[in-house]
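Here is a short, friendly tour to read alongside the structure. Keep the viewer open and follow each section as it comes.

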Amino acid sequence: MPLHKHETDSATDQLQIRPQFTQLGEISEVPKLRLAPSGMPAATAYEIVHDELLLDGNARLNLATFVTTWMEQDAERLMAECSAKNMIDKDEYPQTAELERRCVNILADLWHAGEEGGATGCSTTGSSEACMLGGLALKFLWRQRRQAAGKSAERPNLVMGANVQVCWEKFCRYWDVEARLVPVGPVATCLTAEAAAAHCDENTIGVVAVMGSTYDGAYEPVASIAGALDDLAASSGVDVPIHVDGASGGFIAPFLDPNVEWDFRLPRVHSINASGHKYGLVYPGVGWIIWRDRAALPEELVFNVDYLGGQMPTFALNFSRPGAQVVAQYYNFLRLGAHGFRQVQHASRDTARWLSQEVARLEPFELVSSGDGIPAFAFRVREAPYTVYDVSDALRVRGWLVPAYTMPPALDDVAVLRIVVRNGFSRDLASLLVEDLKRIDERLRGAHPGRADVGFHH
C-alpha cells in the first residue's frame, strides 16, 4: 500500500475519539498514519475500528465472491480455539498436523487418487498458492526430463485458456514461464481440447484445465483435453501433463457431477488444487494441492527443517500460517459427510439455476451462462438505455455486491454481471434480488445512463 496520505484524508490526519471514551484533559484525537505517543483502552480502540468497518459491504450479500461468508457457530468456536495455532509448527501442534493429513487423504480419495497410489499434498493459504505449487512441480519435472535428454530447459511454457484466474499469469511471470493463453470466443468461452493440443510443444510444462471458470462458472472438458494430449503424445512424442484448477469445482463436481471424469481417474492429470475457503465451506484462508503420487512432486521442492522441535518436511510457499482453517475444514468433513456436502451443494446449484431463469425472464437481461457448472452465472444487458455498470451501482444501494466486468480477450466487447451462489444464500434472498432487479430496470429506464467501473472480484 502507498505510504502517502489518501486524498480524502483530513488536513489534520486524525481519528476522532467519542466523548464518552475520554476524560477531561485526555486526548480526543489520534493520528491515522503513525503511532500515537501512548495507547488507549481496549474498548476505545475496538469502537474506533468497529465504526470504520461499518463502511464495508455486507459479506452475506456479496454475490461477487466465491469465498465462504457463513459458517455454523460450532465451527466458528473451533476456529477461535485454534486461532493461536501455527500450522507450520507440526511438532508443537501434532494433532492439527494430523487433521491436515486426514484432509489430504479425504481429498485424494474424493478425487479418485486410489488407495495404493501414494497421493500426497498439503494445505495452503488458498488456491493461488496451491496453483503456484502445482505449476512449480510441472516446471521442475519438465526441466528434469529435458536435462536428462541433454536438451535445453531455457524456454518453458504453460498452456491455458485466456479465461484462467490471474494467479496463473502471476505464476508465469514470477517463475519465467511463457504464458500461452489460448483465445476464447463466442463459440467456446473456455479452453477446448483441440486448441490445448495445438498450442503444446516440447517446451510445454503442462496444460491447465479449469473446473469452474471465474467468468461464467463453466467446467472445461478435462477428459477431452486429456484425450487430445494422449493423441499428441502418440503422434509426436510430446508428453504433456495436466494440472486441474479446481478452485471452485473441486468441491462441486464430486458431489453433483460424479460421472464427469476430470480428476485422477485420468492418468494425464498430475495434480489438482481447490479452495477450502470457497465451496469447501470454510472462512478465508485455506486451499489444497494434491499430487496423484510422489513421483509428481519433485524432491527439490520439499525442504526439511528442524528448528521448530523436530524433523519436518515442508513444500508450501508460505511458512507460518493459521491452523484454524484446516481444523474447520476437517470439521466440515465430519459434520457433513458425503451426503451433507451433496445436499449443501445441490441447494446452491438449485438456487443458481432458479435465479438465472428468473433473471432471464426480465426483459433487458440475457444469460451468458446458467449455473450448470459451479453455482454461478453471468448475464448481460441488451437493448436497454443503461449498462451493466449502472445495474451494479444501483444494486449497491440495496446492499447487493454484484460485479460488472468484461469477458476475457476475444470476448472483451461483452460486459456482464456475475452472480455467485454460496451456502447461506437462500431462495428467499434470491427472490428479493429478483424484485430489486425489476425495480432497478424501471428506475434506470427513466434515467440518463451513467457509468462507474466496478472491479472484477474473484
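The sections below look at a pocket, one helix, a buried acidic residue and some backbone angles.

## The largest pocket

Please bear in mind that this is a predicted model. Its largest pocket holds about 710 Å³ of space. The lining is made up of 27 residues, and those nearest the centre are Arg101, Val104, Thr120, Gly121 and Arg294. Three elements each give two or more residues to this lining: helix 3 (94-110), strand 3 (120-124) and strand 11 (312-314).

Helix 3 supplies the largest share, with eight residues. Sorted by class, the lining of the largest pocket has 11 nonpolar, nine charged and seven polar residues.

## Helix 7 and its two sides

Helix 7 runs through residues 222-236, and its end C-alpha atoms are 21 Å apart. That agrees with expectation, because 15 residues at 1.5 Å a residue should span 21 Å.

Which residues of helix 7 are buried? They are Val222, Ile225, Ala226, Ala228, Leu229 and Leu232. These buried residues cover an arc of only 160 degrees around the axis, so they sit on the same side of helix 7. On the other side of helix 7, you will find Asp231, Ala234 and Ser235 exposed. The cover over the buried residues of helix 7 includes helix 6 (193-198), strand 6 (204-210), strand 7 (242-245) and strand 8 (269-275). Just after helix 7 comes Gly237, with a positive phi of about 80 degrees.

## A buried aspartate

Asp436 belongs to helix 11 (residues 427-445). Is this residue buried or exposed? Asp436 counts as buried, because its relative accessibility is 2%, and the cut-off for buried is under 20%. Setting aside neighbours within four places in sequence, Asp436 is in contact with Arg398 and Trp400.

## Positive phi outside glycine

His112 has a phi near 60 degrees, which is a positive value in a residue other than glycine. You can find His112 in the loop between helix 3 and strand 3, two elements that also help to line the largest pocket. With a relative accessibility of 39%, His112 counts as partly exposed.

Glu383 is another residue other than glycine with a positive phi, here near 50 degrees. Look for Glu383 in the loop between strand 13 (376-381) and helix 10 (388-397). Glu383 has a relative accessible area of 80%, so this residue is exposed.

Key:
Residues are numbered from 1 along each chain as its sequence is written. This is a predicted model: local features need pLDDT of at least 70, side-chain atom pairs count only at pLDDT 80 or more; totals for chains, interfaces and linings use all residues. Side-chain values use heavy atoms; hydrogens and water are left out. On a 1 Å grid over the protein atoms alone, a cavity is a set of points where a 1.4 Å probe fits but cannot get out, and a pocket is an open set with protein on both sides within 12 Å along at least five of seven lines; lining residues have an atom within 4 Å of a point. Grid points are joined across faces, edges and corners, and a volume is the space filled by probe spheres set on the points. Helices (H or I, at least four residues) and strands (E, at least two) are DSSP runs, numbered from the N terminus. Ala, Val, Leu, Ile, Met, Phe, Trp, Tyr, Cys and Pro count as nonpolar, Asp, Glu, Lys and Arg as charged, and the others, Gly among them, as polar. Buried means under 20% relative accessible area, exposed over 50%, partly exposed in between (1.4 Å probe, protein chains only). Contact means heavy atoms within 4.5 Å. The expected span of a helix is 1.5 Å times one less than its number of residues. The arc is that of the directions from the helix axis to the C-beta atoms.
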